[in-house]
Amino acid sequence: MADENKDIDQVTGTDTTGHEWDGIKELNNPLPRWWLWTFYGTVAWGLAYTIAYPAWPLVNSATQGLLGYSTRAEVAERIAEVDARNAEVSERLAAADLSTLAPDDPAHRFGVAGGASVFLANCSQCHGQGAAGVQAAGYPNLLDDAWLWGGTLEEIEYTVRHGIRNETDPDARWSEMPAFGDILSDEEIGQTVEYVLAISGQEHDAAMAEQGMVWFEEQCSACHGVNGEGDRLQGAPTLNDAIWLYGGDRETLTETVTYSRFGVMPAWGERLDEYEIKAVTLYLHQLGGGE
Amino acid sequence: MTQSPATPPPLYAPREPIFPRRVKGTYRTLKWWIMGVTLAIYYLTPWIRWDRGPNLPDQAVLVDLAGRRFYFLWIEIWPHEFYFVAGLLIMAGLGLFLFTSALGRVWCGYTCPQTVWTDLFILVERWIEGDRNARVRLWNAEWSFTKFRLRMTKWIVWFFIALATGGAWVFYFADAPTLARDLVTFDAPLVAYSTILILTATTFVFGGFMREQVCNYMCPWPRIQAAMMDESTLTVAYRHWRGEPRGKHMKAEDADQRGDCIDCMACVNVCPAGIDIRDGQQMECITCALCIDACDEVMERIGKPRGLIDYLALSDEEAETNGAPPRPIWQHVLRPRTMLYTAMWSLIGVALVYALFIRSDIDLTVEPVRNPQFVTLSDGSVRNAYTLRIRNLTAEPREFRVMLTSEDILRIDVESDGAVANHVTVPANETLQARVYVIARSQDPAADAETTDLRLWVEDVETDDRAGVATIFNGKG
């Protein structure tokens with residue numbers, strides 16, 4: 001091509017690329033040599049990298065790379081490292097008697113912090129991330145001061161380890177309320193419900209409640225106590241307080257009495273490590289309701 | 001253009017070697033002083049001690065990344081006070097604008113580390129290999145024992161300067177005497193060695209070999225400066241009207257019609273950027289003013305007034321060409337633009353100093369637990385939980401009383417390691433996390449209201465200094 005076709009910039013005497021924006025032309029200056037070398041270097045690095053490390057996608061997986069590096073293996077290694085670092089304190093926690101473990105003991109602090117993770121990974125699916133439970137489904141709130149089976153460290157640990165009403169652990173906490181729909185008439189159930197509303201300080205029909213008291217003493221007081229104070233040995237809920245597992249309104253109570261409830265919790269002793277059970281126990285105990 | 005030219009332009013261009021000649025003069029002397037002072041500040045600062053008591057480090061300037069503290073003399077910055085650093089960065093930016101609009105690239109020419117270290121490296125180069133002519137000869141010479149010896153000597157000295165530079169940097173991030181001992185006994189953390197290695201390499205390469213290419217290709221400032229400078233900005237320039245037509249002075253020939261420039265190339269030979277200032281303002285020029293010194297030397301020798309090359313504004317150049325007197329220097333410096341920059345700079349400075357003086361040595365943040373929003377207790381009362389972070393910014397442990405104020409009746413209960421009767425003790429220079437419960441009895445209005453305003457306080461038991469944070473209590477409503 002002849003030189004006259006070249007678009008030479010007047011000021012610098014440099015050739016231009018022919019690209020022009022609003023009269024501003026791009027000069028075609030050569031690259032600095034070091035820059036070009038650096039650029040080639042990065043290209044070479046990039047190629048070497050894709051050979052050495054997992055990179056190119058294939059149909060079902062990707063090239064593995066010559067160095068055999070894997071992020072998954074690295075994570076597993078890190079977890080093993082952390083476990084090894086925590087081995088001493090987790091063993092100490094596993095062997096500890098929780099009721100005598102001092103709050104400033106490293107094992108106690110480790111338990112509370114680690115228990116939060118155990119809880120989120122294993123328990124939060126039912127009890128919620130904040131441990132507030134789900135009333136509509138009968139998952140208990142673990143933050144309040146009402147406990148079906150007891151709120152001391154020992155009792156919580158037992159519940160976590162063996163679970164409630166499960167088929168897998170013979171030591172699981174167990175009790176079963178009869179479905180009173182088969183025992184009492186609808187009218188009698190209605191009267192019993194009015195009585196329960198009365199002892200829990202809610203709005204109620206006094207005449208019906210008076211009659212309900214008879215049914216309550218006859219059918220319910222063996223487990224729930226004469227005044228509805230409940231019985232932790234049987235996991236029978238307290239009925240004269242403000243806390244309800246499934247709900248304390250007339251409709252829900254009627255449903256509960258008629259059909260009964262049968263909440264189940266797995267035995268975590270089969271699934272968690274010893275120190276994890278103790279950790280989650282410590283965590284639950286300090287959430288605000290521990291006894 | 002679809003067709004390729006007959007002779008394609010080269011794909012790359014090697015660096016044109018530059019051999020700056022030694023020069024003496026006002027600006028060179030000033031630059032020696034600035035170099036000495038800035039290097040001394042850089043190398044010595046980590047070794048200055050500052051007593052802060054037994055609980056805190058005694059290094060005057062320390063960036064404690066692991067402990068998340070920044071110590072500067074009597075000031076200690078916590079991570080939540082990072083706005084101080086942000087403010088200083090804004091001041092640095094505005095200061096750069098101010099100096100650039102008044103004096104052009106004065107930062108580049110005098111104080112930029114790239115300039116200072118390059119200057120130092122050239123000093124070493126000149127000391128070992130000789131001045132410009134000797135260096136040009138050596139560059140062109142075949143490899144010989146002498147050339148090898150000179151080059152090796154130079155590179156070794158450069159290397160030790162680079163090592164000292166990289167080495168000094170890490171002392172800002174750890175206790176300097178301890179780290180120095182650990183470095184020698186190979187007990188220092190790997191990151192210290194790798195940082196030293198990287199900074200040694202960059203100093204060696206940037207100061208020894210890259211030099212002006214760092215300014216031309218890597219640094220954004222030469223491009224930004226164009227937007228910062230105007231026709232009143234003082235910058236290094238050539239008095240075209242006085243110098244041209246340039247040429248060798250010969251006594252008999254038309255000496256009267258010639259300009260003052262004798263085309264001796266002194267200004268070009270001393271230039272570390274390798275440019276000819278007589279071509280006008282250029283992107284490569286870092287306004288180091290060495291050409292002024294070089295030209296003044298020559299002007300004195302040939303009996304002409306100094307200042308053929310001088311600090312000059314574009315508007316002066318125009319005025320002088322038209323025979324008008326130049327404006328005095330103060331008119332260049334005191335302009336609305338520079339005064340606005342100064343005002344903004346000072347405003348932020350004053351605000352920072354003010355913030356420094358009013359800042360409290362207690363800091364409280366309150367994070368309400370919102371999952372769940374509230375918990376009903378068996379007696380029907382409603383409980384909210386809050387996570388408090390209490391920062392004790394002093395060097396002594398302090399005991400705080402945790403309290404609440406509200407227009408409604410609420411009870412407070414502090415649940416934390418070692419909390420006794422709602423008192424907590426925060427160790428020196430640490431943050432304590434405490435869980436606080438606020439409870440409304442079932443008969444209190446707050447239990448049934450949707451929300452109730454309250455303020456949580458921590459109060460120093462001894463001094464009654466306090467910090468409070470407003471938050472909300474969620475009821476059943």
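Let me start with a strand in chain B. Strand β12 of chain B has two faces: B:V424 and B:V426 make up the covered one, while B:H423 and B:T425 make up the uncovered one. Before going further, please keep in mind that this is a predicted model.

Now to what β12(B) pairs with. Its partner is strand β10 of chain B, residues 398-405, and the two run antiparallel over four bridges. Within that pairing, B:E399 stands opposite B:T425, and B:T425 belongs to the uncovered face I just mentioned.

β10(B) also pairs with strand β14 of chain B, residues 451-460, again in the antiparallel sense, here over six bridges. In this case B:L404 is the residue opposite B:L456. From β14(B) we go on to strand β15, residues 466-474 of chain B; those two strands are antiparallel and joined by nine bridges. B:D453 stands opposite B:I472 there. β14(B) and β15(B) form a hairpin with five residues between the strands, and in that hairpin B:D464 has a positive phi near 65°.

Back to the end of β12(B). The loop between β12 and β13 of chain B, the latter being residues 431-440, holds B:E430. Is B:E430 buried or partly exposed? It counts as partly exposed, because 13 C-beta neighbours lie inside 10 Å, and a residue needs 20 or more to be buried. The C-alpha of B:E430 is 8.6 Å from that of B:T394, a residue 36 positions away along the chain.

Next, two helices, one from each chain. In chain B, helix α8 covers residues 190-210. The helix has 21 residues and spans 28 Å from first C-alpha to last, close to the expected 30 Å. Its buried residues include B:I196, B:F204 and B:M210. The buried residues of α8(B) pack against α4, α6 and α9 of chain B. Right after the helix comes B:R211, with a positive phi near 45°.

In chain A, the helix to look at is α3, residues 106-127. It has 22 residues, yet its end C-alpha atoms are only 27 Å apart, short of the 32 Å that a straight helix would reach. Where is the kink in α3(A) centred? It is centred on A:A121, and the angle is about 50°. Among the buried residues of α3(A) are A:F110, A:G114, A:V118 and A:C123. The buried residues of this helix pack against α2, residues 71-95, and α8, residues 274-285, both of chain A. A:G128 follows α3(A) and has a positive phi, near 85°.

That leaves the contact between the chains. On the chain A side 27 residues take part, and on the chain B side 25. β3 and α1 of chain A each supply at least two residues to the side of chain A that touches chain B, with α1(A) giving the most, four residues. Sorted by class, that side has 13 nonpolar, seven polar and seven charged residues. There is also strand pairing across the chains: β3(A) and strand β1 of chain B, residues 12-13, pair in the parallel sense over two bridges. A:L31 is the residue opposite B:Y12.

Last, confidence. Chain A averages a pLDDT of 91, and 98% of its residues score at least 70. In chain A the lowest mean is 84, in strand β1, residues 16-21, and the highest is 96, in helix α4, residues 153-162.

How values were computed:
Residues are numbered from 1 along each chain as its sequence is written. Chains are lettered from A and ligands numbered from 1 in the order in which they are written. This is a predicted model: local features need pLDDT of at least 70, side-chain atom pairs count only at pLDDT 80 or more; totals for chains, interfaces and linings use all residues. pLDDT is the predictor's confidence in each residue, from 0 to 100. Two residues are in contact if their C-beta atoms, placed from the backbone, lie within 7 Å. Ala, Val, Leu, Ile, Met, Phe, Trp, Tyr, Cys and Pro count as nonpolar, Asp, Glu, Lys and Arg as charged, and the others, Gly among them, as polar. Two strands pair if DSSP finds at least two bridges between them. A residue is buried if 20 or more other C-beta atoms lie within 10 Å of its own, exposed if 12 or fewer, and partly exposed in between; C-beta atoms are placed from the backbone. The expected span of a helix is 1.5 Å times one less than its number of residues. The bend at a residue is the angle between axes fitted to the seven residues ending there and the seven starting there.
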